[in-house]
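Reader: I would like to go through this model by question and answer, beginning with its overall layout and moving on to particular residues.

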Amino acid sequence: MSAQPRFELPLSRPAAAASDARVLTEAVTRLRRALRASIRTDYPWETLPMAQVELLQVLSEHSPARVSELATRQRLAPSTVSGLIGQMITEGLVVREVDPADRRASVVTLTDVGREQLAAWTGAHERRMDAALAALGAADRAALAAALPALFQLAEHLGEPGDGPLSA
C-alpha cells in the first residue's frame with residue numbers, strides 16, 4: 001500500500017477558512033468518487049445515478065410524497081425531480097398515484113423493487129466503507145468517528161434555507 005499524503009485542516013486559524021473549505025470540499029469529492037468507483041468495480045450492476053439514490057433514500061423515510069415535497073427536501077427544481085421520477089417509474093423503482101388527500105395532486109411511492117435496490121446499494125456501500133475503515137489505523141478511525149457529529153452539523157448548515165433550489 002502506497003503512502004497517501006496527509007491533509008490537515010488548519011481549522012483553528014480563521015484566515016485559513018477559504019483553504020479549509022477548499023480542502024474539505026476536495027476530501028468529500030474524493031470520498032464520493034472513490035466509493036462510487038470501488039462499488040462499480042466490485043458490483044458492476046450498481047448503476048443508479050446518485051440523484052436517484054438520494055430520492056430513493058428520501059422516499060424510504062417519507063413515502064408517499066409529492067414531487068414538490070421531494071424537490072424541496074432535495075433542494076432541486078421540481079422539473080428536475082419530475083424528470084428523475086419519470087426515469088424511476090420506467091425502472092419500476094417508484095410509482096406515481098393520485099394523492100388520496102387531494103385527488104387533484106399525485107404522490108410518489110417507493111416500490112418493493114425500489115426498496116430492494118436501495119437496500120442492495122446501501123449494503124454494498126457499507127461493506128466497501130467497512131473494508132476501507134478497517135484498513136486505517138486506530139487513530140484515524142477515532143478521528144473520523146469524532147468528526148462525524150461535526151460533519152452532520154455542517155450538512156445541516158449547508159441545507160439551511162436561503163440558497164434556493166438547484167438544478168441537477
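Author: Helices, of at least four residues, and strands, of at least two, are taken here as DSSP runs and are numbered from the N terminus. With that settled, and bearing in mind that this is a predicted model, the elements of the chain run α-α-α-α-β-β-α-α from the N terminus on.

Reader: How many helices and strands does the secondary structure of the chain come to?
Author: The run of elements along the chain, read from the N terminus, is α-α-α-α-β-β-α-α. Counted by type, the secondary structure comes to six helices and two strands.

Reader: In which sense do strand β1 and strand β2 pair, and over how many bridges?
Author: Strand β1 covers residues 94-99 and strand β2 covers residues 102-110, and the two form a hairpin with two residues between them. One of the contacts joins Glu-97 to its bridge partner in β2, Val-107. The pairing of β1 with β2 is antiparallel, over six bridges.

Reader: Which residue forms a salt bridge with Glu-26?
Author: Side chains of opposite charge can pair when their charged atoms come close. Glu-26 lies in helix α1 (residues 17-42), and its partner, in the same helix, is four residues apart from it, about one turn of the helix. Glu-26 counts as partly exposed because its relative accessibility is 35%. The closest N and O atoms of the pair are 2.5 Å apart, and the partner of Glu-26 is Arg-30.

Reader: Why does the salt bridge of Arg-32 and Glu-54 tie together parts that are apart in sequence, and how many residues apart are they?
Author: The side chains of Arg-32 and Glu-54 meet in a salt bridge with an N to O distance of 3.6 Å. Because Arg-32 lies in helix α1 and Glu-54 in helix α2, the pair ties together parts whose separation in sequence is 22 residues.

Reader: Is Asp-99, which forms a salt bridge with Arg-66, buried or exposed?
Author: The closest N and O atoms of Asp-99 and Arg-66 are 2.9 Å apart. Asp-99 lies in strand β1 and Arg-66 in the loop between α2 and α3, so the pair ties together parts that are 33 residues apart in sequence. Salt bridges that share partners join Arg-66, Asp-99, Asp-102 and Arg-104 into one network. Since buried means under 20% relative accessible area, Asp-99, at 9% relative accessibility, counts as buried.

Reader: Where is the kink in α6?
Author: Helix α6 takes in residues 138-158. At 1.5 Å a residue its 21 residues should span 30 Å, and its end C-alpha atoms are 30 Å apart, which agrees. The kink, of about 40°, lies shortly before the proline Pro-149, at Leu-148.

Reader: What is the area of the nonpolar surface patch that includes Phe-152?
Author: Phe-152 lies in helix α6 and counts as exposed because its relative accessibility is 59%. The patch is made by Leu-148, Leu-151, Phe-152, Leu-154 and Leu-158, and its area is about 480 Å².

Reader: Which peptide bond is cis, with omega near 0°?
Author: The proline of this bond, Pro-64, lies in the loop between α2 (50-61) and α3 (67-74). With omega near 0°, the cis bond runs from Ser-63 to Pro-64.

Reader: What separates the C-alpha atoms of Ala-71 and Val-81?
Author: Ala-71 is placed in helix α3 and is buried, with a relative accessible area of 4%. Ala-71 and Val-81 are 10 residues apart along the chain, and the separation of their C-alpha atoms is 5.9 Å.

Technical notes. Residues numbered from 1 in each chain as written. Predicted model: local features only at pLDDT ≥ 70, side-chain atom pairs only at ≥ 80, totals over all residues. Heavy atoms only, no water. Patch = residues over 30% accessible without salt bridge, like charges linked within 9 Å, V, L, I, M, F, W, Y side chains within 5 Å. Areas by Shrake-Rupley, 256 points an atom, 1.4 Å probe, with all protein chains shown as cover. Salt bridge = Lys/Arg side-chain N within 4 Å of Asp/Glu carboxyl O. Buried < 20%, exposed > 50% of the residue type's maximum accessible area, 1.4 Å probe, protein only. Expected span 1.5 Å × (residues − 1). Bend = angle between axes of the 7 residues up to and from the residue. Pairing = 2+ DSSP bridges.
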